[in-house]
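Reader: I should like a close look at a single part of this model, followed outward to its surroundings. Please set out the placement, burial and contacts of the part you choose, and then turn to the cores and the cysteines.

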Amino acid sequence: MATNTACWKFSSTAQVEPPQEITPDQAQAWCNFVLVMPGWLPSDCRQPFTGSLRMEAPPARAAQDANRPNWTRANTSSYLTIAQSPERRLRIKQFLYDWAPPASDHPALWGSKDRPVTIDSKRIGWLGTDYEKRAAASAILWGTTCEVRVEQGFFTETELTRICRELHPVDSKAKDLIAVTPFSKLSYWARYPCALVPVPHGLWKVRRTKLDIPHAWFSKADAKRSLIATLPQCPEGWNIDSIGVFGAMESPEEIEILYVHGTRDRYLWCTVLFNKNHIQLDVPPEKDTHPCQTRVIDVNGVEVHHAWIDDHYGPHDGVWQKDGRTYMLQGNAAVGFDPTAFANLLSVFSV
C-alpha cells in the first residue's frame, strides 16, 4: 500500500472487503477524512474498544453486498462505532461526503423538520429524523460528516447535542495534514473513474441526468490559469480549495468551485452551468422536498432565487442566471450566517 500526502492508505488494486473491526487510531490511516471519537457519553452507555472500518476500494459491485450501498459502484471508506447500555443503543457513522454538495448541510436528515444546535462559536449541528425514520443528529466536523443515530431505546436531544459537541479527532497529526490537503486529492470521485449519483444537491431541486459525464477535479495550484480566469470572483476571506470540471476540458458543460473559509467546516459550493443537458435545474427553480423558506431577491440587478432553513444559521442556496449561464451558490450553516450575510456574498458572485 502507498501512503499519500494526507497520510491515509489506498490502492488502485485493493479488493472489496467486508468491514473490519479495528481501533480508531489504527483506522485513521485508512480513512480520507478526520476520524473523530466521543469525548462524552451518557453514564449508562459504554463504547467498544474497536469500531467497524469499511475500507476504500476501486469501483466494483459483482453482486448485492449488504455492506455497501446499492445505488453506486463506489467503495468509499467509512467508520462506525456503537455506544450502548442494556436498554438503549446509538450508532456513530463518519465519512467524507464527496459525491455532490451536501444537500441541506446534513443529508442524512433530508426531508425531516430538523432543528439547528450550536456545536461551538462557529459550527452548527442538526437534530431530526434520518432516512430510516430514526432520531438522529448530524454535524460537519473538521470536514467529516458525522451522523449519530438512535438505534434502540431513547436518547434526549440534550444527550445527542452533547455527544456531537464533544466529538474530537483521534489523531492530531492526521487532522492537520488532511486540513491542508485539497478536496480534489481527498475525494473518491476525484481519484476514481466512477459514475456520479443522482442524489439531491440542495434545497432547490437539482438532479443529475447524465451520470457518466467525464469529470475531473483540480486543486487551485494544479488548475490552469485559463480555468481560474473563468471563475466567479472570490469573496474576501474565502479561498478556492478545489475546482471540478464536468464535460470536455476545452468546453466544459459545468464547473464546480469549492471555496473554504479557514477549513472545510465552513464552505461555499458554487456551480456554474454552461449547458444543462446533463443536469436538471430550472430557472426559476423548483423547491425540493426538504422543509425550507424561499424568496426572490434583487442582487445588483440580478434576480436570485434564495432558499434557506434557519434565519440565524442557514444553510443557504441561491440560483440565478446571467450572460447565458446558470449559477447556484450553496453555503453551509454557521453561527451568524443569516440571510443578510448570504445576500452580501451573493453581491460578489452575481456582479
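**R123 and its surroundings**

Author: In this predicted model, R123 has a relative accessibility of 16% and therefore counts as buried, the cut-off being under 20%. The residue is found in a loop, the one that joins β8 (115-118) to β9 (124-129). When residues up to four places away in sequence are set aside, R123 touches V117, T118, I140, L141, W142, D265 and V335.

One of these partners, V117, merits its own description. V117 belongs to strand β8. With 15% relative accessibility, V117 is likewise counted as buried, since the limit is under 20%. Apart from neighbours within four places in sequence, V117 is in contact with R123, I124, G125, W126, L127 and T161. The contact with R123 thus appears in the list of either residue. As for a residue that is not on the list of V117, K93 stands 24 residues away in sequence, and the C-alpha atoms of V117 and K93 are 19 Å apart in space.

The wider setting includes the nonpolar cores. The largest of them has 34 residues, and those with the most contacts inside it are L35, L53, Y79, L90, V148 and L160. Two or more residues of this core come from each of β4 (36-38), β6 (78-84), β7 (89-95), β10 (135-141), β11 (144-152) and α2 (157-165). A second core, separate from that one, has 26 residues, including L227, I255, I257 and V299.

Within the largest core, L53 offers a closer view. Leaving out neighbours within four places in sequence, L53 is in contact with P19, Q20, I22, A27, W30, C31, S78 and Y79. Among these, Y79 is itself listed with the residues that have the most contacts inside the core.

The cysteines remain. The structure holds 0 disulfides, and two residues illustrate the reasoning. A disulfide requires cysteine sulfur atoms within 2.5 Å. For C164, the closest cysteine sulfur is that of C146, at 7.5 Å, which is too far for a bond. For C292, the closest cysteine sulfur belongs to C270 and lies 19 Å away, so a bond is again ruled out by distance. Both cysteines are buried: C164 has a relative accessible area of 4%, and C292 has one of 18%.

Methods:
Residues are numbered from 1 along each chain as its sequence is written. This is a predicted model: local features need pLDDT of at least 70, side-chain atom pairs count only at pLDDT 80 or more; totals for chains, interfaces and linings use all residues. Side-chain values use heavy atoms; hydrogens and water are left out. Helices (H or I, at least four residues) and strands (E, at least two) are DSSP runs, numbered from the N terminus. Buried means under 20% relative accessible area, exposed over 50%, partly exposed in between (1.4 Å probe, protein chains only). Contact means heavy atoms within 4.5 Å. A nonpolar core is a set of buried Ala, Val, Leu, Ile, Met, Phe, Trp, Tyr and Cys residues joined through side-chain atoms within 4.5 Å.
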